[in-house]
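Trainee: I should like to request a close look at one part of this structure, namely its salt bridges.

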Amino acid sequence: MAELPDCGGSFQAAERKSAAGNKSRTGRAGRVRRVTLEKVLGISAASSSALASDPNSGLVAYPAGCVVVLLHPQIYKQKHIINTSRKPFSALAFSCDGRHLVTGERGHLPCVRVWQVDDGAEAAAVQNHKCGVSCVAFSTGGAYVVSVGDQYDMNVCVWDWRKGSILASNKVSSSVSAVSFSEDGSYFVTAGKRHIRFWYLDVSKERRGAGTAPLTGRSGLPGDLRQAVFSGVGCGRGPATAATYAVTRSALLCRFNAGRVLEARVPLEASCAHSVEVTDNFVFCGCSDGLVRVFSPSDMRYITTLPYPHRLGVASPQDSGPIRYPDVLALTFNPAARHLTCVYSDRSVYVWDVGQLGNAKRIHTALYHSAPVWNIEVCGERSAGSQARPPPSWFLTSSSDNTVRQWQPHADISSNGLLRILYVGENTPADKREKSAVRVLRLCPDGRRLATGDFGGVLRLFDLDFLEELVRIEAHDSEILALEFSPSSVGVELLASAGRDRLVRIFNLERGFRLEQTIGDHSAPVVAVKFAGDGAHLRLVSCGADKSVYFYSCARQPHQTAEGGVSFWRTQQALEKTALHDMDADSSGTRVAVACQDGKVRVYSVDTGKMCRSLKDPSKGGALLKVRVDLTGTLVATCCSDKNISVLDYRSGERLAAPFGHSEPVTCLRFSADCAYLISASVDGCVFVWRLDSHAMMRKRAPMRSVVAAPSIRRETFIVGPARRLPGDGEPETPSGPDPEGAPQTPANGTPPTWVPQLQGEEEEEEAAAPTTVPSDAEPAPVRNRWLEKSPLIFLDYSQSFNDTEDEDWGDEDRDFHPQSLENHLSGKENCEPVGPEDGGPDRRGPDRLPPSSRRRDL
């Protein structure tokens, strides 16, 4: 495997290709390194086999989509291993020396991979399973790896990962959820649904011939627990090395002796048990309702119960309501530091210091979203006078778990950057809780209030200082898809909401959240709505799944001017041939970028409603789902249906970076307030913070207008007419004004075409070869253009300074243009009268009256 280290503590591994393939992918790999995964806010562990700890370094490993997070809980730092095969991780385990990490994948034809922990390079990989991998484990010496397939595969394989060869394999008749190696490494145990089996490596290696040997195993003897579901298993350590411990789904702790016979069992006094961790002195059992029971391995004696985690559905322990705690899904213990790491059912991670079991202390907490994350809202430093002013560079996320969370990912605090949690719909009945999940959120310009829209069409307004619900309105009949506040410079505070019911509603917050207007022009769900402009030129743009973009103008109602009433009417409409999924406005507020089904980003002018440019995402992922333009207006981020993200140049459409790591479709993209980070959220419940390197930042910080703008560009129009003799037979007169050849030529897209450097090089060579002095009687150089040789032309010039030529309409450019007469041009007069019908020339009443052959648009 070729290694691509990430400078921010993340690692990527690329598959081996041919020499030609590597040569063609050199530029692509360089662009990938422009974006580094800075932090992962989320976890996708679904079983006890998806959590592991290194006893030597203290690292804790858990999956987050297609990324393995290596967390150091004492210093709150993360490192990441990104799977270039873009398949999500399902199981992982450390080797005994902590130098290697083995992972299993989900999906079709998954691989079992071994990674080097220090640099994140892939050391080995084998593909022997047809479906997902449920659990993996290193042998005690680290020479072998065991992988077990999921319920659709059910293959157990033992392979020598250094040689890449499979030693033994066999099939099981039921799903397996856990595996554990014995301390001496002679056997391992698998546990699952009505399944507990002991597998012996020594016997299997003796039977091995030229190929793979059948793996030899014996079933355990659980007695009357033959129909039980074993959710966790662990082989004994130290004095109890001959024993094997397992927990059942019905919350029983069982102990098997060396003869595979169930010799003791203890009820855990819980409704369910999910995992077990065995050490030399303790047996930790993870149960439901946040219970972690501790027993003695020698005599199965109960010792203590660890403290409860946070409560579910409430902001603080003092809140009223039923007391509920999340279930403990996975456990892992670090004997060197005596740290116990727990992963709960709501995807929260706790690290407990159990040096003193009677006084266990929490040293690390990470409370992540437990459901898909739908929206992100980035905030800067709030205005002065706020009573609860959070630090700058914080952002908000909304999820289907009925919460809005406020993050500061760059703070090294025990909560992993989580500042506050806002619980939405706490008093909603359980049967309607799903509809009250937050779908979209939006901050007002001053950052003091937050508007949220849920799947049931309810619009809420919160005060961020005190987390109080101010307003609750049933604005739509179904899901709210977009919210937008009017700019602060407008003079009236408006809130526009768009929903799946094909309506756009505009509320006036200054008039008691009064409904000002309902717009029903769309014939399909409205996916985005944006305000543009300010003051008297306020505009509204809406984008829908009916392939149309509507542009509206705003005016204050004359009879309600004192009260601040407003009304909108439609001015333009843009209709495309493909579905539209998202829309965003640039920093200037004069253009909107629309993500389309055909993989293109189309940019429209808010004033004219015409398309200015079209950017093509080079990825082959299909439809574009989201689009976001940074605050400088030079970068645009998109995500496709293939779960990939692209960072494009807003001017040229070149893809600068293509980060990946999410295992489900991306639902939202946002640039940070300082434009140094890109934040992405996904259906997998994870939030990724990507850091842009200095090269990308340097491209961003230059405003777009400063790059596109050019000095006074000379434009000329060639009018075909009867040939006239130039005055004088000697030297040709030099026309007034700047030299046409010296004037810069800028095409519509802001970048010179490929032939410009070639022509410039030829001209430089000719100038170098030409003599330094030219005789006064020398004849003028012949015209190089054949069309000019055959058609005598009259050169008429005018100069005009303009900016942003790529977004100007043809008619707008030539609206005030009038060509000059030949006599005035040759006489050198600056103020020339236009040639009109009364002068014997063609009709010049407007640029649209010129024939197509008599006007040319310069680059």
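Trainee: Are R113 and E105 buried or exposed? Please begin with this pair and then set it beside the other charged residues.

Mentor: Please bear in mind that this is a predicted model. R113 is buried, and E105 is buried as well. Their side chains meet in a salt bridge, with N and O 2.6 Å apart. As a general matter, side chains of opposite charge can pair when their charged atoms come close.

The setting of this pair is a chain of 859 residues, of which 54% count as buried. Its secondary structure comes to 9 helices and 61 strands, and the structure holds 24 salt bridges.

Consider next the salt bridge between R265 and D224, where the closest N and O atoms are 3.1 Å apart. This pair links distant parts of the chain: R265 belongs to strand β24 (residues 262-267), while D224 is in the loop between β20 (216-219) and β21 (230-235), and the two are 41 residues apart. R265 has a relative accessible area of 40%, so it counts as partly exposed. D224 has a relative accessibility of 59% and therefore counts as exposed.

A further salt bridge joins the side chains of D465 and R448, at 3.7 Å from N to O. Here too the pair links distant parts of the chain, 17 residues apart: D465 lies in the loop between β39 (458-463) and β40 (468-474), and R448 in the loop between β37 (438-443) and β38 (449-454). D465 counts as buried because its relative accessibility is 13%, whereas R448, at 23% relative accessible area, is partly exposed.

Salt bridges also form a network, which links E377, R442, E484, K530, D584 and R628.

Two exposed charged residues in loops may complete the picture. D184 is placed in the loop between β16 (176-181) and β17 (187-192). Its relative accessible area is 57%, so D184 is exposed. Together with E183, D202 and D280, D184 forms a negative surface patch. R162 is found in the loop between β14 (155-160) and β15 (165-171), and R162 is likewise exposed, with a relative accessible area of 57%. Leaving aside residues up to four places away in sequence, R162 touches G142 and A143. R162 and A143 are 19 residues apart in sequence, and their C-alpha atoms are 7.6 Å apart in space.

Methods. Residues are numbered from 1 along each chain as its sequence is written. This is a predicted model: local features need pLDDT of at least 70, side-chain atom pairs count only at pLDDT 80 or more; totals for chains, interfaces and linings use all residues. Side-chain values use heavy atoms; hydrogens and water are left out. Helices (H or I, at least four residues) and strands (E, at least two) are DSSP runs, numbered from the N terminus. Buried means under 20% relative accessible area, exposed over 50%, partly exposed in between (1.4 Å probe, protein chains only). Patches are made of residues with over 30% relative accessible area and no salt bridge: like charges are joined within 9 Å, nonpolar side chains (Val, Leu, Ile, Met, Phe, Trp, Tyr) within 5 Å. Accessible areas come from the Shrake-Rupley method with a 1.4 Å probe; for residues, only the protein chains shown count as cover. A salt bridge is a side-chain nitrogen of Lys or Arg within 4 Å of a carboxyl oxygen of Asp or Glu. Lys and Arg count as positive and Asp and Glu as negative; His and the chain ends are not counted. The place of a charge is taken as NZ of Lys, CZ of Arg, CG of Asp or CD of Glu. Contact means heavy atoms within 4.5 Å.
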